[in-house]
Amino acid sequence: MNIKHDFPHRVREIENQWIVLADGTRLAARIWLPEDAESTPVPAILEYLPYRKRDGTAVRDELTHPWFAGHGYACVRVDMRGNGESDGLMEDEYAPQEQRDALEVIDWIAAQPWCDGKLGMMGISWGGFNSLQLAALRPEPLKAIITLCSTDDRYADDIHYKGGNMLLENLGWAATMLSFSAAVPDPALVGDRWREMWKHRLDNMPLLAETWLEHQHRDDYWKHGSICENYADIEAAVYMVSGWADSYIDAIPRMMEHLSCPKKALIGPWMHKYPHFAIPDPAIGFLQEALRWWDHWLKDTDTGIMDEPSCTFYLQDGVPPAPKYLERPGRWVRTHGWPAPSDEVETQSLVLGDQGLAAQGRLSNDRQIASPLTAGALQGEYIPLWFGADFPPDQRRDDGLSLTFDSAPYLEGLDILGQPTVAVTLASAEACGQFHVRLCDVAPDGESALITYGTLNLGLRDDPGTLTPPVPGEPMNVRLPLDLIGYRLPQGHRLRVALSSASFPLVWSPKKRADLTLQAGTPTLELPVCKADHLPMPFAPPESAPPCRVETLRAGQPKRTISEDVGSGEVTVTVEDDMGDVRFTDHGLRVEQKAREVYTSHPNDATRTRADIEWVYRASRQEGDGQFAVEVTSRYHLHCDEDTFYLSAEQIAHEGETLVSEKSWQREIPRTAI
């Protein structure tokens with residue numbers, strides 16, 4: 001990365017600025033400005049998050065916001081209510097209060113002497129979500145957004161439910177937020193009131209997993225904040241960005257199709273990070289690309305960005321499967337719309353038949369899909385996030401637990417761009433069931449690399465808002481789109497479609513082991529094939545502002561392991577998310593965070609599925625103003641029977657050796673749709 005020290009504008013930073021809301025709540029903001037902004041006002045860019053500007057996002061903030069400020073923008077990074085140094089409590093993600101506060105923040109920014117009244121919003125994940133949600137509320141100053149790794153549909157494409165199945169990430173992220181929300185306000189900024197603020201948060205900590213488990217189908221809870229309920233609400237220009245290694249990609253074709261505002265899309269090879277420092281490479285000059293966007297929409301400068309084709313995609317070359325990639329070779333393409341059938345993308349139909357996966361033929365006899373509930377251990381992390389062994393390794397073990405159909409070798413290779421779709425007729429042995437499809441790249445030596453996948457709760461097969469349990473033995477027509485993908489199948493490789501009835505720990509097990517029958521006929525894979533011309537790299541090399549000054553006291557050691565109890569058949573996947581121990585040298589704050597997630601399933605008994613997660617958070621300052629030392633341990637546990645989820649949690653907080661808070665929860669939640 002090219003680190004820039006000199007910019008067109010000298011930059012002034014306001015380390016902590018209080019934004020006072022109408023109800024008296026103070027939100028904490030960090031602001032970077034062109035030095036002369038008070039005399040020559042500029043547009044502003046808002047990023048609005050719960051992740052603590054002091055430490056949680058400080059490293060990425062300092063790479064990004066000073067760079068924009070140096071190019072003529074006021075950048076405002078705000079911690080939402082109940083987080084960081086901001087007052088109050090946070091009740092839930094994307095709550096109405098969060099959005100009301102943001103509207104006040106936007107008005108406050110637009111009224112500042114250094115702002116010319118025009119705003120953009122930018123954010124990744126949570127900040128990408130609320131950028132869309134705020135755009136749908138149409139505050140007058142907000143003219144454009146850049147939304148990264150986000151979604152238009154909170155039920156379909158967040159970390160809770162996928163295809164109507166409950167993601168294990170639903171519990172994983174609840175545990176993460178239980179720890180993140182217990183982080184301490186920095187005494188150096190808020191003074192002695194930090195203990196009162198911290199204790200108030202600990203005493204009122206929400207049990208998010210309970211809330212999310214109580215809404216197992218797509219009801220009004222999930223419709224709130226889902227801009228797909230009325231795409232026409234958004235009038236501001238929208239630039240949507242994601243990466244193939246991320247989970248937030250399927251919303252992009254929907255938004256490109258349905259949004260009527262000015263719009264563009266970009267998908268590269270990256271995981272859940274900003275594209276100027278994400279892996280796998282190639283990283284891009286995302287800040288320069290964003291500047292072209294902001295200059296066009298906030299400064300009325302013709303940068304040419306809207307004259308280009310609306311979508312830019314990276315087609316990843318097929319490479320041997322690995323648990324982590326630092327780089328993915330590939331080619332760039334541009335299309336004039338989302339990758340639907342067109343001159344640039346055509347659909348090929350392949351039959352899952354007696355001869356494997358082929359252009360013609362049929363399946364003469366019914367076939368069984370009889371996966372143990374332990375199938376899926378090699379799926380990889382739902383969201384590669386902490387730079388660990390998160391990617392899916394060789395799929396042959398899971399392929400062996402699936403019903404598979406292989407193509408003949410593609411002698412000239414194949415470019416895939418879009419959402420492959422499987423259309424089949426199934427019957428379930430039980431009044432429940434899951435259907436999972438993986439599309440794999442099979443090398444001549446037999447290695448199987450995951451290209452993309454889809455998952456479906458058969459009880460929600462027709463409508464994610466309406467439960468229609470399968471009738472045992474009765475055929476069901478099922479159409480399952482797989483995740484959007486851009487992929488270059490190498491010459492001589494085969495495609496494999498792998499069908500399974502379980503995928504753990506991607507999703508929670510069904511109420512019972514429910515084997516499926518694939519009905520005879522012409523089950524079909526619709527494959528989107530890209531015909532667009534390859535391009536040279538269309539972006540400048542990545543740039544950034546100088547990095548945050550951080551001393552690493554202990555490097556993080558993320559880890560993922562799989563173990564099997566041969567006697568019982570239970571399979572356990574253990575994920576250790578370790579972010580290390582660091583000290584921010586500018587202000588002395590020291591932070592250590594690590595988690596251990598343990599997910600276990602039994603091959604036949606769904607009631608033995610369970611999850612245990614523990615987070616440990618430590619923060620301190622040993623010298624200067626605002627000395628303190630705290631530690632918080634947060635735990636979640638979930639198990640079930642056929643009718644009920646049994647959820648428990650605890651949180652224990654200390655200041656030094658003194659117990660500050662000890663809280664526990666026990667909940668029983670009916671299984672309704674999953």
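Which residue in β21 does Phe435 stand opposite? In this predicted model, Phe435 faces Leu456 of strand β21, and this pair belongs to a set of 9 bridges that join strand β20 to β21 (residues 448-457) in an antiparallel arrangement. The two strands form a hairpin in which 5 residues lie between them, and within that turn Gly446 has a positive phi of about 100°.

On β20 itself, which spans residues 434-442, 9 of the 9 residues are buried, so the strand is largely enclosed by the rest of the structure. The side chains of Gln434, His436, Arg438, Cys440 and Val442 point one way from β20, whereas Phe435, Val437, Leu439 and Asp441 point the other way, and the residues of both groups are all buried. A further antiparallel pairing, over 7 bridges, links β20 to strand β24 (residues 494-500), in which Arg494 is the bridge partner of Val442.

Strand β19, comprising residues 421-428, has 6 of its 8 residues buried, and it is therefore largely enclosed by the rest of the structure. Its antiparallel pairing with strand β22 (residues 476-481) extends over 6 bridges, with Val422 standing opposite Leu480 of β22. β19 also pairs in the antiparallel sense with strand β26 (residues 524-530), over 3 bridges, and here Thr421 has Glu526 as its bridge partner. An antiparallel pairing over 3 bridges likewise connects β19 with strand β25 (residues 516-518), where Leu426 is found opposite Leu518.

Terms used
Residues are numbered from 1 along each chain as its sequence is written. This is a predicted model: local features need pLDDT of at least 70, side-chain atom pairs count only at pLDDT 80 or more; totals for chains, interfaces and linings use all residues. Side-chain values use heavy atoms; hydrogens and water are left out. Buried means under 20% relative accessible area, exposed over 50%, partly exposed in between (1.4 Å probe, protein chains only). Helices (H or I, at least four residues) and strands (E, at least two) are DSSP runs, numbered from the N terminus. Two strands pair if DSSP finds at least two bridges between them.
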